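Biologist: Thanks for sitting down with me. Could we walk through this one together, a question at a time?

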Amino acid sequence: MKRLDAANDNDAGKQIARTRQVWQPRLGRDLTDEDARQIMHNVTGFFGVLAEWSRAERLAAANDAAALAKPNDGEVRHDR
């Protein structure tokens, strides 16, 4: 198990280093490891929310197909 933990620590270290490399120039200041961890957490959370919204939209669109099949109160509409 220690080997997996060491591999995860190494990956986390690489992710932190990459996050610092990307964000330090944009922020114009040095970032600590904690700053980089927080940025990674926030970005991951942001894209998680976008994925949730996307899934919800797809489910709503699939359910809307039934709503379209309902009659329109007997009215007929002719668009030209």
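Modeller: Gladly, and let me start with an aromatic residue, keeping in mind that this is a predicted model. Phe-46 has a relative accessibility of 48%. Exposed would need over 50% and buried under 20%, so Phe-46 counts as partly exposed.

Biologist: Phe-46 has a ring neighbour in Phe-47; what is the geometry of the pair?

Modeller: A search of the whole structure finds one aromatic pair. The ring centres of Phe-46 and Phe-47 lie 5.2 Å apart, and their planes meet at 80°. Planes over 60 degrees apart count as edge-to-face, so the Phe-46 and Phe-47 pair is edge-to-face.

Biologist: Let's step back to the whole chain. What does its secondary structure come to?

Modeller: Helix 1 covers residues 2-27 and helix 2 covers residues 33-68. There are zero strands in the protein chain, and the count of helices is two.

Biologist: What percentage of the 80 residues is buried?

Modeller: The accessible surface of the protein chain is about 7400 Å², with 53% of that surface belonging to carbon and sulfur atoms. A residue needs under 20% relative accessible area to be buried. Of the 80 residues, the buried share is 6%.

Biologist: Is Thr-19 buried or exposed?

Modeller: Thr-19 is found in helix 1. Leaving out residues up to four places away in sequence, Thr-19 touches Gln-24, Ala-36, Ile-39 and Met-40. Its relative accessibility is 10%, so Thr-19 counts as buried.

Biologist: Now for charges. How many salt bridges does a search of the whole structure find?

Modeller: Arg-20 forms one with Asp-33, and the side chains of Arg-29 and Asp-35 meet in another. Glu-34 also forms a salt bridge, with Arg-37. Searching the whole structure, the total is three.

Biologist: Which parts does the Arg-20 and Asp-33 pair tie together?

Modeller: The closest N and O atoms of Arg-20 and Asp-33 are 2.8 Å apart. Both partners are partly exposed, Arg-20 at 29% relative accessible area and Asp-33 at 35%. The two residues are 13 apart in sequence, and because Arg-20 lies in one helix and Asp-33 in the other, the parts tied together are helix 1 and helix 2.

Biologist: And Glu-34 with Arg-37: where do they lie?

Modeller: Their closest N and O atoms are 3.5 Å apart. Glu-34 is partly exposed at 45%, and Arg-37 is partly exposed at 40%. The two are three residues apart, about one turn of the helix, and both lie in helix 2.

Biologist: For Arg-29 and Asp-35, what is the N to O distance?

Modeller: Arg-29 has 46% relative accessibility, so Arg-29 counts as partly exposed. A salt bridge needs the nitrogen within 4 Å of a carboxyl oxygen. For the side chains of Arg-29 and Asp-35, the N to O distance is 3.4 Å.

Biologist: Asp-35 makes me curious about Thr-32. What does the side chain of Thr-32 reach?

Modeller: Thr-32 sits in the loop between helix 1 and helix 2, and at 42% relative accessibility Thr-32 is partly exposed. Its C-alpha atom is separated by 10.0 Å from that of Ala-17, 15 residues apart along the chain. At 3.0 Å, the side chain of Thr-32 reaches the backbone nitrogen of Asp-35.

Biologist: One last stop, the nonpolar patch on the surface. Which element gives the most to it?

Modeller: Trp-23, Leu-27, Val-43, Phe-46, Phe-47, Val-49, Leu-50 and Trp-53 form the patch, with about 760 Å² of accessible area together. Helix 1 and helix 2 are the elements that give two or more residues to the patch. Trp-23, for instance, is placed in helix 1 and is partly exposed at 32% relative accessibility. With six residues, the element that gives the most is helix 2.

Key: Residues numbered from 1 in each chain as written. Predicted model: local features only at pLDDT ≥ 70, side-chain atom pairs only at ≥ 80, totals over all residues. Heavy atoms only, no water. Phe/Tyr/Trp six-rings, centres within 6.5 Å; stacked < 30°, edge-to-face > 60°. Buried < 20%, exposed > 50% of the residue type's maximum accessible area, 1.4 Å probe, protein only. Helix = DSSP H or I, 4+ residues; strand = E, 2+ residues; numbered from the N terminus. Patch = residues over 30% accessible without salt bridge, like charges linked within 9 Å, V, L, I, M, F, W, Y side chains within 5 Å. Areas by Shrake-Rupley, 256 points an atom, 1.4 Å probe, with all protein chains shown as cover. Contact = heavy atoms within 4.5 Å. Polar contact = N/O pair within 3.5 Å; in protein donor to acceptor, adjacent residues only side chain to side chain.
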